[in-house]
Amino acid sequence: MPGKSYNLFEMVQTQFDHIAGILGLDSATADLLRNPMREYQFLIPVRMDDGNVRIFRGFRVQHNDARGPCKGGVRFHPQETIDTMRALAMLMSWKCAVADIPLGGSKGGVICDPHNLSPREQEQICRGWVRQLASNIGPMNDVPAPEIMTTAQHMLWMLDEYESIHGTTSPGFITGKPVGLGGSLGRKEATGYGVIITLREALAELGIEPQNTVASVQGFGNVAQNAIRLYHQIGGKVVCVSCWDQSDQTSYSFKKKDGIDLDTLLSITDQFGGIHKDKARDLGYEILEADAWLEQNVDILIPAALEEQITGENASKINKQVKIIAEGANSPTTAEADEIIKKRKIFVLPDFLANAGGVVCSYFEQVQSNMNYYWEKDEVLGKLDLKMTSAFIAVNELAKRRKLYMRDAAYVIGVSRVAQACKDRGWV
Ligand code: NAD
């Protein structure tokens, strides 16, 4: 996240250098891939509700489009930085390549805090962002999506501005639109379901029946809720979830030995995925401290809340029963924790494989919007299953064949597919 002392871009470049070494990439290819191909930085003047004009800084970073149009979210954040954009754009390239969708990686944003802006002011920022980029983004070159603090409403304002400038309807310009206005059925479920599809395959690989497994989950928002729903459907039991309690401004773990009831727990969950501890206690949950989700005697851990949650300090608390960690969140595991997990030989489903269901379904939205023909939910989820299963198989087979850690194997596939596309095009 922006504002932290470490630089995310330097971190992803270090990871990239490690993988470039494993792959033996030549220096031109490595130079091309360790930096974004294009960056746009610009100012957006907005007349505020009080009559004054304020100037906002906007960004779009396009890391690589050798495999297809760039794809990546637009964030509104007061501490946004160009280096965070660069890092996230690069990670999007690898994620799209691992999921084998024909898209490249990008990311964008505006330095602002929507909490302090009226809807009209936010609309002006969205429209200004598109005006600055109108000839550099579009359904065939770079497709934005919602990210931190941006919503379907922001996407519709951006779409409307883009279509006004180009004098056409162009629903494939942007994803994350509401269903009925160009959005895809199944998008809500896609990320959480994708996590469980890869988990199902990992269990099969390890010869474990899902109905004999127990899991503990960090987070109870969109990703976690949908992951739990599908995990229950394949027979698993969740005994602990950890999430934020807005009333106490702290997070807790909520435990039920016999397994949580998803719908009952949802009935006391706020719109941001938070749970009031007193309401959980009334439902018979044990209230434990925030990190307790990690210490449970379970087979599977699913971090699906925030980045950097499994750290060098708490990784040693992971119960020795744990066999699989399925990363629903982006970057939930720090480099120090990753070393500990690797030594313990826990099977890791790395974030940009496990949570790729979101971008896979965004790609489906883009395809449906470009055709202006929308699929039934079952069709979307069936195609999602196929993509996620294939991605798992590719990463797992490479990991076995070359005796690589799953995270490294996912990186090797992502980076090598993008490198190959650059070579095939004659760029390097
Ligand atoms: P969300 O905002 O819907 O839910 C976040 C959850 O985390 C909430 O339940 C919240 O209570 C909990 N939380 C916040 N602080 C916490 C803390 N300190 N300890 C424990 N729980 C805490 O978000 P989401 O859409 O479910 O996304 C979760 C993660 O998955 C994020 O890292 C996100 O970047 C990543 N991700 C999401 C998608 C997607 O499609 N939504 C796609 C890819 C990756």
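Helices here (H or I, at least four residues) are DSSP runs, numbered from the N terminus, and their axes are lines fitted to C-alpha atoms over the stretch in contact, with angles running from 0 to 180 degrees between N-to-C directions. With that settled, helix H13 (residues 377-401) and helix H14 (residues 406-424) pack at about 115°, their axes 8 Å apart. That makes H13 roughly perpendicular to H14, a label for angles of 65 to 115 degrees (under 35 is roughly parallel, over 145 roughly antiparallel, and the rest oblique).

A word on the model itself. This is a predicted model, so to speak of local features takes pLDDT of at least 70, side-chain atom pairs count only at pLDDT 80 or more, and totals for chains, interfaces and linings use all residues. Residues are numbered from 1 along each chain as its sequence is written, and side-chain values use heavy atoms, with hydrogens and water left out.

Back to H13 and H14: they cross right-handed (the near helix is turned clockwise from the far one by less than a right angle; anticlockwise would be left-handed). On the H13 side, Phe-392, Ala-394, Val-395, Asn-396, Leu-398 and Ala-399 meet Met-406, Ala-409, Ala-410, Val-412, Ile-413 and Arg-417 of H14, contact being heavy atoms within 4.5 Å. By class that gives ten nonpolar residues, one polar and one charged (Ala, Val, Leu, Ile, Met, Phe, Trp, Tyr, Cys and Pro are nonpolar; Asp, Glu, Lys and Arg are charged; the others, Gly among them, are polar).

H14 also meets helix H1 (residues 8-23), where the axes come within 10 Å and cross at roughly 80°. H1 is therefore roughly perpendicular to H14. Among the contact residues are Phe-16, Ile-19 and Leu-23 of H1 and Tyr-411, Val-412 and Val-415 of H14. The split is seven nonpolar, three polar and one charged.

Elsewhere, helix H6 (residues 187-206) packs on helix H7 (residues 222-233) at about 50°, with the axes 7 Å apart. That makes H6 oblique to H7. The contact includes Thr-191 of H6 and Asn-222 and Val-223 of H7, and its classes come to nine nonpolar, five polar and three charged.

Those three residues turn up again at the ligand: of the 21 residues around it, Thr-191, Phe-220, Asn-222, Val-223 and Gly-273 come nearest (near means a heavy atom within 4 Å). Some polar contacts (N or O pairs within 3.5 Å) follow.

| Backbone partner | Distance to a ligand oxygen atom |
|---|---|
| Trp-244 | 3.1 Å |
| Gly-273 | 2.6 Å |
| Gly-328 | 3.5 Å |

Conventions
Helices (H or I, at least four residues) and strands (E, at least two) are DSSP runs, numbered from the N terminus. A polar contact is a pair of N or O atoms within 3.5 Å; within protein, one must be able to donate a hydrogen and the other to accept it, and residues adjacent in sequence count only if both atoms are side-chain atoms.
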